[in-house]
Amino acid sequence: MPRFWSLLTALSLMTAACSEQASVRGEVLLTKSSDSIVGGNVVNAGEFGSEFVAMIYSENEFGEPSICTGSFISETAILTAAHCIPKNIEQMNVVFADKPFVSTEVIRLSIVSTLIHPKYKKGQNDLALIRFSGGLPVGAKILQVAPRPWVILKHKHIFTLGYGRTQGFEDSTDFSQELGVLRGVNISTKNTLAKVEGFYTVQKQSGVCFGDSGGPAIVVNDSNQPILVGVANAVISSPDISDFCKYKSIYLDIGFYTAWLSTALNTDL
């Protein structure tokens, strides 16, 4: 069995004790490896959203696995969160499929390099590009990047996608049916609060959770075109709520980063 599929099999059997979690000023990065979208629906291949994203699987220096989500923003690049990139990219795999653990139609991308935002540190400028060769996989499409900040303010809903888990209880080990399944959910912009270079979403019943890091926040513009407005970064937990993923989440507003992306991709966005 190829190493990648061996690792996927092992990951599906891991318990929460083998997870990775990092706290930043009360925020929890969305890379807890044992941990999809909370309160959302399964997005099957061919359904809206499935064409824009890929699952990122990696291992840290201790051999602990992690899952993230990324978006195709060019024919050779995926945008994700910087904290999703391992120190050794040979330990990272990127696959295009709606259910990578069980699907018979999984396309593994050939990674060329990664580029982390030069001012990245935990909780700030948490963006990275994954460059791949061979062009877009069959069925994939490029997600257009928002040209300016706060595009979300003109819309009623944000649609977000991810491969993570559906709840964020600290001691949960019952996730084998959830992990690595693409899900999506609409979040009302009434529950969105602006912050510097990003936005918060209040997610009492629905939102992102561990494993959704790097996933897109999408709005549909007046021309019925999907636009990438944010990248999932972290959840904020509350001491009064046992489920980490039922309080707030943080996205970086991509409109603030178009200059960096244009330079990195050597093209206008």
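Visitor: In which order do the 7 strands of the open sheet stand?
Guide: Strands are DSSP runs of E with at least two residues, and helices are runs of H or I with at least four, numbered from the N terminus. Two strands pair if DSSP finds at least two bridges between them. In this predicted model, the pairing is antiparallel and the order is S8-S7-S4-S5-S6-S10-S9.

Visitor: Good to know it is predicted; what pLDDT do side-chain atom pairs need in order to count?
Guide: Residues are numbered from 1 along each chain as its sequence is written, and side-chain values use heavy atoms, leaving out hydrogens and water. In this predicted model, totals for chains, interfaces and linings use all residues, local features need pLDDT of at least 70, and side-chain atom pairs count only at pLDDT 80 or more.

Visitor: Which strands stand at the edges of that sheet?
Guide: Strands of a sheet pair through backbone hydrogen bonds, either parallel or antiparallel. An edge strand here has a single partner, so one of its sides is left without a neighbour in the sheet. The two edge strands are S8 (107–108) and S9 (110–116).

Visitor: Which residue in S8 stands opposite Phe-96?
Guide: Look at strand S7 (residues 92–96), which pairs with S8 in the antiparallel sense over 2 bridges. Opposite Phe-96, in S8, you will find Ile-107.

Visitor: And which residue in S7 is the bridge partner of Tyr-57?
Guide: Strand S4 (residues 53–59) runs antiparallel to S7, and 4 bridges join them. The partner of Tyr-57 in S7 is Asn-93.

Visitor: How many residues of S7 are buried?
Guide: Buried means under 20% relative accessible area, exposed over 50%, and partly exposed in between, using a 1.4 Å probe and protein chains only. Met-92, Val-94 and Phe-96 point one way from S7 while Asn-93 and Val-95 point the other way, and all are buried. S7 is therefore largely enclosed by the rest of the structure, with its buried count at 5 of 5.

Visitor: At what angle does helix H2 run to S10?
Guide: Axes are lines fitted to C-alpha atoms, for helices over the stretch in contact (heavy atoms within 4.5 Å). Angles between N-to-C directions run from 0 to 180 degrees. Helix H2 (residues 258–265) lies across strand S6 (77–80), S9 and strand S10 (128–133), and its angle to S10 is about 25 degrees.

Visitor: Which strands are included in what covers the buried residues of H2?
Guide: H2 is largely enclosed by the rest of the structure, since 6 of its 8 residues are buried. Among the buried ones are Trp-260, Leu-261 and Leu-265. The cover includes S6, S9, S10 and S11.

Visitor: Which residue in S16 stands opposite Phe-159?
Guide: S16 is mostly covered, with 4 of its 5 residues buried. S12 and S16 pair in the antiparallel sense over 2 bridges. Facing Phe-159 from S16 is Ile-218.

Visitor: Is Asn-224, with its positive phi, buried or exposed?
Guide: Asn-224 has a phi near 65 degrees, a positive value in a residue other than glycine. Its place is the loop between strand S16 (216–220) and strand S17 (226–236). At 63% relative accessibility, Asn-224 counts as exposed.

Visitor: What is the relative accessible area of Trp-150?
Guide: Trp-150 also has a positive phi, of about 60 degrees, although it is not a glycine. It sits in the loop between strand S11 (144–145) and strand S12 (157–162). Trp-150 is partly exposed because its relative accessible area is 23%.
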